[in-house]
Amino acid sequence: MARPPLQGLKVIDMAWLMAAPECARYLADLGADVIKIESGVRRDPLRSLGNYKDGVPGPNRSLSYHAINAGKRSLTLDMKARGGREAFLRLVRWADVIIEAFTPGVADSLEVSYPHLKPLNPGLIMVSTSILGSKGPASQGLSGTGSTGLAFAGAKYLVGWPDRPPEGPNGPWTDSVTPRFITSTILSALHRRQRTGQGCFIDASQAECGIHFLMPAWFDYAVNGVSPERRGSAGSPLRAPCGVYPCAGDDRWVAIDASDAPAWSALRTIVGPALDDLRFDTLVGRLRNRDALDAAISAFTRDKSADAVEHMLQAAGAPAHVVCTAADFATDEDLQAEGYYRLINDPEIGSTMTRGPQVNFSRTPHPPVRPGPRLGDSTRDLLREVAGYSDAEIDALDAEGALR
Amino acid sequence: MGLLRDVRVLEISSPPTMLAGRILGDLGADVVAIEPPRGAPGRRIEPFADGEPGLERSLTWQALNYNKRGMTLDTASADGRALLSDLLERFDIVIEATSPSEPSPLEEISLRPELIRVQVRPFSPHGPKAAYRTTDLILMAAGGAPALAGESDRPPLFFPIPQAMMEAGAEAAVATLSALIARERDGEGQIVDTPARIAAMAGAMGRIVSGFSGDTMSRRMPPASENTSPLATSNIPCADGYVVLSLAFAGAFAAMSANLIGWVRDEGELTPDIAATDWSRYARGAEGSPPPEPLQELGAALRRLCGRLTKFEIVEASRKHGFMAAPVMTMKDIDLFPHYRERGLFVASTAGPDGRPIEVPARFVQLEDDEIEIRSPAPRLSQHTTEVLAQELGLTKTEIQALYVHEVI
């Protein structure tokens, strides 16, 4: 029986919010043993960002928190306390990978940055990630979230209407982009370490990772000398019809991309006479009369449910899909067929769904998906198992205030 | 970059494989992109050099295929499949994208057990959307990220650059390397199934699971006005564009918001008594429109202050005073931002049909003992076909010419 690829790998996640903890979630899904180190006093702010189970706030009730931290164990530690620091250093000697996301400068002042830790564990792979990275003239002291990272990456500017201020994608976008780049680098570093025994330090700017999803816009600027502008409407200006169309209901939309010949004739069959206009016969005609084309399609979609339009068009062979909301995900039969959502049972919030792994392996299993850890739920176990403390020593640490 | 210097990857090029192959190439792998003789679909994605189309003019192709070699091969022909089968013997990994209308050329090839086969596909083959026709726009809609983007009086906003192929490609890179690590344990390869729809959902973040909360769902808001609360992440006009300021009074964000208010006060735009408001009462947001008076005053003060400063001046103030701000950067701003320059983000390369010199913000990570470099720009169509067939398979000049005559390459 094959084992999860990273079974036995030891990871410390001392980060918060989404970008860096999501890297540790990837590693947990591959079987790594991930310890989430938190301060009970300065908790992961994701614990206080909804949506909460049943709408009731609480540090263990945020569904985003569970989605990002599933499968980890939590240890609370005050690293400024003498005993807390000693316990942390024991964990550093144990770890293969450490991920931190402090504002640049903070890890140095806490003496937990790579130069401090490498002597204790030369094979260590350590990631420091922040909005602008740990090196460079604007990095020190620059705090941010994915909502500021996306502005530094150029994403905010590119998403919006030409006649309105830039709006950007919804949510802290770089938090979703960055983990793939960092996790790929961690896995590559593990590959090298297997071969050479070398550890390494990985400095990752979340804004710089974000730029990679926009690289065609950079090449447009670098080669053509034009700085790309936001253009509002969805889809490509070189395709028609291609965009989002209004449907019945509250803020309901369907995306349709039927520019290619077979898809266009399928769409025409379904929509009927409104698209019989001779101007729409050719691609060039559709491009020149895009407004009339979009108006005719909107007149067809406007009084129908988005799901109905999706099904009708797809059945005829025209690419279409509802612009999905959170409520759509919860009932989506494709996601059920994927088995993407997994039932977790948490002592505090009970049974709920969270996300499973992003991909499927034919041979190596994923470990079962567990809830995100309750604050400090494994502090004592980990200090015993991993750091080698006795119960009496753990009591002494607690009395000192090092386990807050 | 040498992290993956001993890893060899064949990429059967398709939009969702392009970023996957490039990330692996950036990290040091030897990546060969295989295209049909008429060119990969990625060569027909805009923008184009000088706004003129052509197989060597797609800047999307050039942005996502540097650090690879490229060859052509008609994998629909028996000869093409035989050559592909021989090539697979010499590579660790093959990455492909499949769809209901395009069966995989690998189906008829017997694969050795050590091979890692990464498949990117749109929807579940076992669900009701198995036969769905997809494009990048369709997968982004199914991914849900755009649903809350933009103001509620207009349609939801999408990026002007295809993003589903980026999401799928980046996800496939992680998946590929996961299987590589697994193989190092026991020598066995496997099939890695990468659903592009799930990859595209990453951008929906918390909304992936919030439908199960029983809580009230977020909705899009009407256009912002001067009377809108400055809470949350606000977009504020400044002297040379816009700046984003994060203002929240809950938990860890409260201290940074206090620093922001202190800055506005010290700059003389907010009276000390308004600045001394007990802001913690807005920790859970503020009800009503117009918002409470202190928030209105703060919003107006921020607009006045930012209006006389540049983006980069506001960023400097944010570092000095300890609050969260970011310039709304254009590609030109990214070019001019001294931090990115001095940090070493950029690498020299060439692009366009005439190989003009450009700089690329290539270093998505920086290592203390190694660097991402651009070893080669994106391959021209069939640039390395002869080289790969001769070096890897030992084909003679005559044989390679024959394959060309028969349109196999």
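This is a short talk about how two protein chains, A and B, meet in one structure.

Hi everyone, and thanks for having me. Before anything else, please keep in mind that this is a predicted model. I'd like to begin where the chains touch, then look at a sheet, then some charged pairs, and end with a few backbone details.

So, how many residues does each chain bring to the contact? Chain A supplies 151 residues and chain B supplies 149 residues. Together, the area buried between chain A and chain B comes to about 12900 Å². Carbon and sulfur atoms give 62% of that area. There is plenty of polar pairing as well: 71 residue pairs are in polar contact across the interface of chain A and chain B. Which element of chain A gives the most to its side of the contact? That is helix α8, residues 174-196, with 15 residues touching chain B. If we sort the side of chain A that touches chain B by class, we get 75 nonpolar, 48 polar and 28 charged residues.

Now to the sheet, where both chains take part. As a reminder, strands of a sheet pair through backbone hydrogen bonds, either parallel or antiparallel. Here, 7 strands form an open sheet, and the pairing is mixed. If you want to trace the order on your screens, it runs β3(A)-β2(A)-β1(A)-β4(A)-β5(A)-β6(A)-β12(B). Which strands stand at the edges? They are β3 (73-76) of chain A and β12 of chain B. Each of these has a single partner strand, so one side of each is left without a neighbour in the sheet.

Let's walk in from the chain B end. Strand β6 of chain A, residues 200-205, runs antiparallel to strand β12 of chain B, residues 366-367, and 2 bridges join them. On the other hand, β6(A) pairs with strand β5 of chain A, residues 125-130, in the parallel sense over 6 bridges. One residue to find here is D203(A). In β12(B), Q366(B) stands opposite D203(A), and S128(A) stands opposite D203(A) too.

D203(A) also leads us to the charged pairs. Side chains of opposite charge can pair when their charged atoms come close. D203(A) makes a salt bridge with R343(B), and their closest N and O atoms are 2.8 Å apart. Why does this pair join two chains? Because D203(A) lies in strand β6 of chain A, while R343(B) lies in helix α13 (residues 338-343) of chain B. Are these two residues buried or exposed? Both D203(A) and R343(B) are buried.

A second pair to look at is D334(A) with R197(B), again a salt bridge, with the closest N and O atoms 2.8 Å apart. This pair crosses from helix α16 (residues 333-338) of chain A to helix α6 of chain B. D334(A) and R197(B) are both buried.

Compare that with R195(A) and D6(B), whose side chains meet in a salt bridge at 3.0 Å, N to O. R195(A) lies in helix α8 of chain A and D6(B) in the segment before β1 (8-12) of chain B, so this pair joins two chains. R195(A) is partly exposed, at 36% relative accessibility. D6(B) is partly exposed as well, at 38%.

One more pair is R164(A) with E151(B), a salt bridge at 2.7 Å, N to O. In total, 17 salt bridges span the interface of chain A and chain B, and the structure holds 67 over all chains.

Finally, some backbone details. Most residues other than glycine have a negative phi, and most peptide bonds are trans. Where, then, do we find cis peptide bonds? One joins A240(A) and P241(A), with omega about -5°. P241(A) sits in the loop between α10 (215-224) and β7 (242-246) of chain A. Another cis bond runs from E46(B) to P47(B), with omega near 0°. P47(B) is in the loop between β2 (30-35) and α2 (59-64) of chain B.

As for positive phi, D54(A) has a value near 60°. You'll find D54(A) in the loop between β2 (33-38) and α2 (63-69) of chain A, and this residue is partly exposed at 48%. M205(B) has a positive phi too, about 45°. M205(B) is in the loop between α6 (196-201) and α7 (207-210) of chain B, and with 12% relative accessibility this residue is buried.

That's my tour. Thanks for listening!

Terms used:
Residues are numbered from 1 along each chain as its sequence is written. Chains are lettered from A and ligands numbered from 1 in the order in which they are written. This is a predicted model: local features need pLDDT of at least 70, side-chain atom pairs count only at pLDDT 80 or more; totals for chains, interfaces and linings use all residues. Side-chain values use heavy atoms; hydrogens and water are left out. Helices (H or I, at least four residues) and strands (E, at least two) are DSSP runs, numbered from the N terminus. Buried means under 20% relative accessible area, exposed over 50%, partly exposed in between (1.4 Å probe, protein chains only). Contact means heavy atoms within 4.5 Å. Buried area is the accessible area (1.4 Å probe) that two parts lose on being put together, summed over both. A salt bridge is a side-chain nitrogen of Lys or Arg within 4 Å of a carboxyl oxygen of Asp or Glu. A polar contact is a pair of N or O atoms within 3.5 Å; within protein, one must be able to donate a hydrogen and the other to accept it, and residues adjacent in sequence count only if both atoms are side-chain atoms. Ala, Val, Leu, Ile, Met, Phe, Trp, Tyr, Cys and Pro count as nonpolar, Asp, Glu, Lys and Arg as charged, and the others, Gly among them, as polar. Two strands pair if DSSP finds at least two bridges between them.
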